[in-house]
Amino acid sequence: MCGRFSLFEDIRSLEDQFKFNFRDEIEMRYNIAPGQEILAVIDNDEGRIGKKMRWGLIPFWADDEKIGYRMINARAETVEEKASFKDALKQRRCLILTDGFYEWKKEGKHKQPYRFAMKDKKPFAFAGVWENWNKDGKDIASCTIITTSANEIVGKIHDRMPVILPKEKFEVWLDRSLNQASDLKKLLVPYEGSFMEVYPVSTAINSAKNEGKELIVPLNSL
């Protein structure tokens with residue numbers, strides 16, 4: 001699964017890299033947790049735009065928004081079969097922007113957190129799907145990160161990883177005219193590990209209350 005990630009790049013730089021418009025600001029985050037606000041990119045009638053969403057998809061048919069805490073990830077292998085995700089896969093796909101994510105490995109009696117990022121230090125995009133939920137006067141846009149089997153880098157720590165989309169696949173993933181699950185699932189594969197790096201970080205990342213640049217510093221540099 002993917003249960004924690006970061007995004008601290010300047011918003012104007014993100015707009016330039018991912019070619020979208022965003023009429024707001026977003027806080028730099030080093031420790032984004034489920035249920036919190038994230039930045040997604042979608043395609044609508046205005047073109048490619050940035051949209052704040054809650055991490056943890058709330059199906060449109062749900063009675064309680066708290067279901068979203070159980071919907072932070074969707075498995076690529078079954079995303080088109082699940083009632084919570086199948087309509088969103090066909091109609092509401094997004095890029096979830098990030099510059100790194102975390103996984104934990106049991107080492108002795110404790111779990112050691114590791115950070116995964118790109119070797120070039122640039123932000124990248126997870127494949128996601130999103131939904132609008134309206135009930136009792138609340139209107140919430142929410143999303144989930146699609147996961148797949150781990151590549152050779154992530155596999156040393158965990159058996160799953162988020163689907164990372166190459167830049168040349170962004171347009172296809174966001175294209176609202178494409179709605180065949182069989183074609184879309186061809187994009188949901190492990191990312192090339194040779195472009196990625198991994199290193200241990202402080203267990204301070206374990207608490208969602210902790211924030212700050214020190215959370216991404218390699219453990220042996222602290």
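**Exercise 1.** Which residues is Gln 17 in contact with, leaving aside its neighbours within four places in sequence?

*Solution.* The model is predicted: local features need pLDDT of at least 70, side-chain atom pairs count only at pLDDT 80 or more, and totals for chains, interfaces and linings use all residues. Residues are numbered from 1 along each chain as its sequence is written, and side-chain values use heavy atoms, with hydrogens and water left out.

Step 1. Take contact as heavy atoms within 4.5 Å. With those neighbours left aside, Gln 17 is in contact with Lys 122, Pro 123 and Lys 167.

Step 2. Place the residue: Gln 17 belongs to helix α1. Helices (H or I, at least four residues) and strands (E, at least two) are DSSP runs, numbered from the N terminus.

Step 3. Look at Pro 123. Its backbone oxygen is reached by the side chain of Gln 17 at 2.9 Å.

Step 4. Look at Lys 167. This residue is 150 residues from Gln 17 along the chain, and the two C-alpha atoms are separated by 9.4 Å.

Step 5. Gln 17 has 26% relative accessibility, so this residue counts as partly exposed. The classes are buried under 20% relative accessible area, exposed over 50%, and partly exposed in between (1.4 Å probe, protein chains only).

**Exercise 2.** Describe the largest pocket and the second largest pocket.

*Solution.* Step 1. Fix the term. On a 1 Å grid over the protein atoms alone, probed at 1.4 Å, a pocket is an open set of points with protein on both sides within 12 Å along at least five of seven lines; lining residues have an atom within 4 Å of a point. Grid points are joined across faces, edges and corners, and a volume is the space filled by probe spheres set on the points.

Step 2. The volume of the largest pocket is about 330 Å³. It is lined by 15 residues, and those closest to its centre are Gln 17, Asp 120, Lys 122, Pro 123 and Tyr 191.

Step 3. Sort this lining by class: 10 nonpolar, one polar and four charged. Ala, Val, Leu, Ile, Met, Phe, Trp, Tyr, Cys and Pro count as nonpolar, Asp, Glu, Lys and Arg as charged, and the others, Gly among them, as polar.

Step 4. The second largest pocket holds about 160 Å³ of space. Among its 15 lining residues, Leu 7, Ile 26, Glu 27, Met 28 and Arg 29 lie nearest the centre. Two or more lining residues come from each of α1 (11-18), β2 (29-32) and β3 (37-44); β3 gives the most, with three.

Step 5. This second lining has nine nonpolar, no polar and six charged residues.

**Exercise 3.** How many aromatic pairs does the rule give?

*Solution.* Step 1. Rings of Phe, Tyr and Trp (its six-membered ring) pair if their centres lie within 6.5 Å; planes under 30 degrees apart count as stacked, over 60 as edge-to-face and the rest as tilted. The count is eight.

Step 2. One edge-to-face pair is Phe 5 with Phe 126, at 5.6 Å centre to centre and 80° between the planes. Phe 5 lies in strand β1 (residues 5-7) and Phe 126 in strand β9 (residues 124-135), so the pair ties together parts 121 residues apart in sequence. Phe 5 is buried at 1% relative accessibility, and Phe 126 is buried at 0%.

Step 3. Phe 101 and Phe 116 have ring centres 5.1 Å apart and planes at 20°, so this pair is stacked. Both residues are buried.

Step 4. One aromatic cluster is formed by Phe 5, Trp 55, Phe 101, Phe 116, Phe 124 and Phe 126.

Methods:
A polar contact is a pair of N or O atoms within 3.5 Å; within protein, one must be able to donate a hydrogen and the other to accept it, and residues adjacent in sequence count only if both atoms are side-chain atoms.
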